[in-house]
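Hello,

Here is the structure I promised to pass on to you. Have a look at it first, and then read on for what I found.

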Amino acid sequence: MTVTLADVAARARVSPATVSRVLNGNYPVAASTRGRVLRAVDDLDYVLNGPASSLAAATSDLVGILVNDIADPFFGIMAGAAQTQIGGPGDGSGRAGGEKLAVICNTGGSPERELTYLTLLQRQRAAAVVLTGGAVENPEHQAAMSAKLAKLADAGTRIVFCGRPPLPEGDALVASLAFDNRGGGRRLTEHLISLGHRRIGYVAGPRERTTTRHRLEGHREALHAAGLGALPAAGDAGGRGAGSGDLGADADPLVVHGPYDRRSGYEATLELLRRAPDVTAIVAANDTVALGACAAVRDQGMRIPQDISVAGFDDLPFSVDAVPALTTVRLPLFEAGARAGRLAMGKENPPPGGIATIAAELMIRGSTAAPRG
């Protein structure tokens, strides 16, 4: 149910006119009164309608695209593709023929910042919100996200997930376009096993992210099927130990967690080689991490793939130009981003049930080969 200015006034025990004065800042109000009004606004999650106050039920021409890191090609490709569909002519319903203004919101991977941007977009009555990349697996954050997205949807905002699974309570979604990270992780490790690798190290991403868990689960499923390892206990696919920013030990000594960046790949690979100098292959959480892994391997005087194989995930543009070219799992990032943009604009019908799983394709290149001996 939409919270009104009168609701805020009643909560703050002031008149609606006083609430307007506080929110508009155009009339002096006692500090204590102002504090009560602002607390009521926060408590009730009242949406400031700004210049659209005369169109309380309408959405604006703004579309928000939330990314973890716009400098990361994984997010940049999806955001750019979505923007190609959002910025162009729509269905003729907008003030300038259906065009929308796409705004990129860089969360830095912060759950708190993600919620803050959603609140800001709610206040601007955004026409749509596209959330990219994996979600944080924290029950409190998931509950807060579900509540916030429901309020956005109630106000007419279209909600689209791109590259992430739906929340446990995802009724507010127009659609969720989820990558088959688990299947991709399984096929990549099956490829290494088929070459003869038996000691495979894994540089995983932050342990609380859905992307990390699903890729690692696929890897472990392949090992288990080949008789090379046991599946972890339910709820422990990401392991336990240090926080997401650390190179944390996993229950499996051949798995190290860290951020999705090159430095993490480098440091985690050194740690893996220290723990298990007999590893013959390393799977990296993504292609950027894989570049760090390759650098660490070379700095230890080893050759790729003659001494050790390295594989990545995502098939980012630089993967084919690495030396040797990187074996990886291709995710159709541009295609998924463009589809998310069309869904956000209402140009395309949602998939059945609102959820679509996007296939991942194994790309075999020169960075993986049969182990020597």
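Is glutamine 124 buried, partly exposed or exposed? The model is a predicted one, and in it glutamine 124 has a relative accessible area of 47%, so it counts as partly exposed, since that class lies between the 20% limit for buried and the 50% limit for exposed. You will find glutamine 124 in the loop between α5 (111-123) and β3 (128-132). Once its neighbours within four places in sequence are left aside, glutamine 124 touches Ser60 and Leu62. Serine 60 is 64 residues away from glutamine 124 along the chain, yet their C-alpha atoms are separated by 7.0 Å.

Next, helix α10. This helix runs over residues 287-299, and at 1.5 Å a residue its 13 residues should span 18 Å; the end C-alpha atoms are indeed 18 Å apart, so the two values agree. Most of α10 is covered, with ten of its 13 residues buried. Among the buried ones are Asp287, Val289, Gly292, Cys294 and Val297. The elements that cover these buried residues include the strands β6 (200-204), β9 (281-284), β10 (309-311) and β11 (328-330), along with α9 (262-275).

Both ends of α10 deserve a look. At the N-terminal end, asparagine 286 acts as a cap, with a side-chain oxygen 3.2 Å from the backbone nitrogen of threonine 288. Just after the helix, glycine 301 adopts a positive phi of about 80°.

Now for the aromatic residues. How many aromatic pairs are there? The count comes to two. In one of them, the ring centres of phenylalanine 74 and phenylalanine 75 are 5.0 Å apart and the planes meet at 85°, so this pair is edge-to-face. In the other, phenylalanine 74 and phenylalanine 179 have ring centres 6.4 Å apart and planes at 70°, so this pair is edge-to-face too. That second pair joins distant parts of the chain, as phenylalanine 74 lies in helix α4 (residues 73-86) and phenylalanine 179 in strand β5 (residues 175-179), 105 residues apart. Phenylalanine 74 and phenylalanine 75 are buried, and phenylalanine 179 is buried as well. Together, Phe74, Phe75 and Phe179 make up one aromatic cluster.

Two arginines also sit over rings. The charged end of arginine 113 is placed over the ring of tyrosine 117, 4.5 Å from its centre. Likewise, arginine 164 has its charged end over the ring of phenylalanine 161, 5.2 Å from the ring centre.

Best wishes

Definitions and conventions
Residues are numbered from 1 along each chain as its sequence is written. Side-chain values use heavy atoms; hydrogens and water are left out. Helices (H or I, at least four residues) and strands (E, at least two) are DSSP runs, numbered from the N terminus. The expected span of a helix is 1.5 Å times one less than its number of residues. Buried means under 20% relative accessible area, exposed over 50%, partly exposed in between (1.4 Å probe, protein chains only). Contact means heavy atoms within 4.5 Å. A polar contact is a pair of N or O atoms within 3.5 Å; within protein, one must be able to donate a hydrogen and the other to accept it, and residues adjacent in sequence count only if both atoms are side-chain atoms. Rings of Phe, Tyr and Trp (its six-membered ring) pair if their centres lie within 6.5 Å; planes under 30 degrees apart count as stacked, over 60 as edge-to-face and the rest as tilted. A charge sits over a ring if NZ of Lys or CZ of Arg is within 6 Å of the ring centre and within 35 degrees of the ring normal.
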